[in-house]
Each structure stands twice: as C-alpha cells, then as structure tokens.
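Student: I should like a close look at a single part of this model. Please take one buried acidic residue and its surroundings, and then place the findings in context.

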Amino acid sequence: MIDFWLGGEHHFPVDVAAARAFEQAYGPCAPVFRELRAFLGRAVRAMAAAGVDSFLVFGAGVPTMGNVHEVAPDATVLYTDVDPVTIRLGQRLLAGSDRAGYGYGDATDIGTVDRAQLHRFVPGWCSSAWPRSSTTRPSRAPSTSSTRRRRRAACWRSTSTPRSWPATRRPSR
C-alpha cells in the first residue's frame with residue numbers, strides 16, 4: 001500500500017484496493033507517507049554526510065520510491081523483513097544492485113539476519129550485537145579510522161550497552 005501511496009510501480013491490485021478502503025475509513029494517506037519518506041531521506045542524507053556508509057533496515061517493506069539505497073547511492077544497504085512475499089519482491093527489485101540486498105531478519109531476534117549478508121552489505125557491524133551465546137560471532141578488526149568509528153556509532157546498539165540488554169535475547173514465549 002505504501003508504494004501505491006508514494007506513486008510507485010511495485011504494488012499489487014490488492015494493495016490499491018486495500019489503500020482505497022483504508023482511505024475511505026481514515027482519509028487521505030498519500031501525503032502522510034510522502035512526508036515520512038521525505039523525513040527518511042533527510043535522515044539518511046544527514047547520516048551519510050556524517051560518514052555512515054552502511055545501513056541495516058529492519059521491517060523494510062518494499063524498497064522503492066526514495067528508499068535508503070536511492071538516497072545514499074554510495075552506501076551499502078541490507079533491507080530485512082519477516083514477510084516472505086515482501087522479501088522475494090525486494091530481492092527481485094534489488095537483483096541488479098551490488099550495493100543493496102534483501103533478506104530475512106526479525107528485529108526482535110538479531111540472530112535471524114544472515115551473517116553473510118551482514119558481512120557483505122554492512123561491513124563493520126557491531127560484533128557485540130550478536131547474542132553472547134553465539135559461537136560464530138563475526139570478527140571485527142580494531143580500527144582507528146574515523147569512518148569506521150562513525151559507522152559503528154550508527155549500529156542499532158553501541159558496544160557500551162550491557163550484554164544483558166533485552167534486545168539481544170530471544171523473547172520468551
């Protein structure tokens with residue numbers, strides 16, 4: 001539905017029908033999502049200007065119309081989602097890109113993100129973001145590069161966060 005509201009070409013007839021039904025109940029949505037995408041663009045440009053050159057996006061949806069890889073074309077981007085249909089569509093849309101990829105990833109369980117994809121698209125990922133029990137954590141050579149430090153600062157959690165932080169553990173069921 002969001003791609004439809006943004007004026008994109010990568011949506012299905014059911015998305016259009018659902019978007020129109022949603023707007024019948026709640027009013028126009030396109031301006032809201034265009035503003036949200038404009039904000040995303042401003043945030044990504046600011047981060048890129050500060051030296052962040054790799055992005056990991058959870059719950060990405062369809063990567064179209066001004067998304068991270070378009071706003072920061074020199075950066076590498078790994079989009080993730082839990083919906084298999086969205087993942088396949090994202091992979092198809094990004095198939096020709098060597099700077100952006102799409103894979104399965106659950107934000108509540110960082111261990112679900114494919115490590116090979118992380119290594120390829122988000123080099124320098126905070127190794128401490130992996131659960132402590134993992135025996136195959138990615139290694140990261142120490143670096144004094146300011147770019148490397150800024151990239152690490154953009155990780156979803158800093159290396160100074162206590163290991164007991166709940167986001168590093170699988171939620172109890």
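The answer below begins with confidence and then turns to the residue and its surroundings.

Tutor: The model is predicted, and its confidence therefore deserves a word before any detail. The mean pLDDT of the chain is 77, with 72% of its residues at 70 or more. Among the elements, strand E3 (residues 100-104) has the highest mean pLDDT, 96, whereas helix H7 (residues 146-153) has the lowest, 41. The pLDDT is below 50 over residues 132-173, a stretch that nevertheless has 63 contacts in the model beyond near neighbours in sequence.

The residue to examine is aspartate 81, which lies in strand E2 (residues 76-81). Aspartate 81 is buried but forms no salt bridge. Arginine 37, the nearest side chain of opposite charge, is 11 Å away, whereas a salt bridge requires the nitrogen and the carboxyl oxygen to be within 4 Å. A backbone group does approach the acidic side chain: the backbone nitrogen of glycine 61 lies 3.0 Å from one of the polar atoms of the aspartate 81 side chain.

The contacts of aspartate 81, leaving aside neighbours within four places in sequence, can be read in groups. They include Gly59, Ala60 and Gly61, and also Thr86 and Ile87. Tyr102, Gly103, Tyr104 and Gly105 are in contact with aspartate 81 as well.

Tyrosine 102 leads to a second feature of strand E2. The rings of tyrosine 79 and tyrosine 102 have their centres 5.9 Å apart and their planes at 20°, so the pair is stacked. Because tyrosine 79 belongs to strand E2 and tyrosine 102 to strand E3, this pair ties together parts that are 23 residues apart in sequence. Both rings belong to buried residues: tyrosine 79 has 0% relative accessibility, and tyrosine 102 has 2%.

For contrast, consider a ring pair within one helix. Phenylalanine 22 and tyrosine 26 are 4 residues apart in helix H2 (residues 13-26), which means that about one helical turn separates them. Phenylalanine 22 is partly exposed, at 35% relative accessibility, and tyrosine 26 is exposed, at 63%. Ring pairs also link these two residues with Trp5 and Phe33 into a cluster.

Finally, valine 113 is found in the loop between E3 and helix H6 (115-121). Valine 113 is buried because its relative accessibility is 2%, which falls under the 20% limit. Its C-alpha atom is 9.7 Å from that of phenylalanine 58, although the two residues are 55 apart along the chain.

How values were computed:
Residues are numbered from 1 along each chain as its sequence is written. This is a predicted model: local features need pLDDT of at least 70, side-chain atom pairs count only at pLDDT 80 or more; totals for chains, interfaces and linings use all residues. Side-chain values use heavy atoms; hydrogens and water are left out. pLDDT is the predictor's confidence in each residue, from 0 to 100. Helices (H or I, at least four residues) and strands (E, at least two) are DSSP runs, numbered from the N terminus. Contact means heavy atoms within 4.5 Å. Buried means under 20% relative accessible area, exposed over 50%, partly exposed in between (1.4 Å probe, protein chains only). Lys and Arg count as positive and Asp and Glu as negative; His and the chain ends are not counted. A polar contact is a pair of N or O atoms within 3.5 Å; within protein, one must be able to donate a hydrogen and the other to accept it, and residues adjacent in sequence count only if both atoms are side-chain atoms. Rings of Phe, Tyr and Trp (its six-membered ring) pair if their centres lie within 6.5 Å; planes under 30 degrees apart count as stacked, over 60 as edge-to-face and the rest as tilted.
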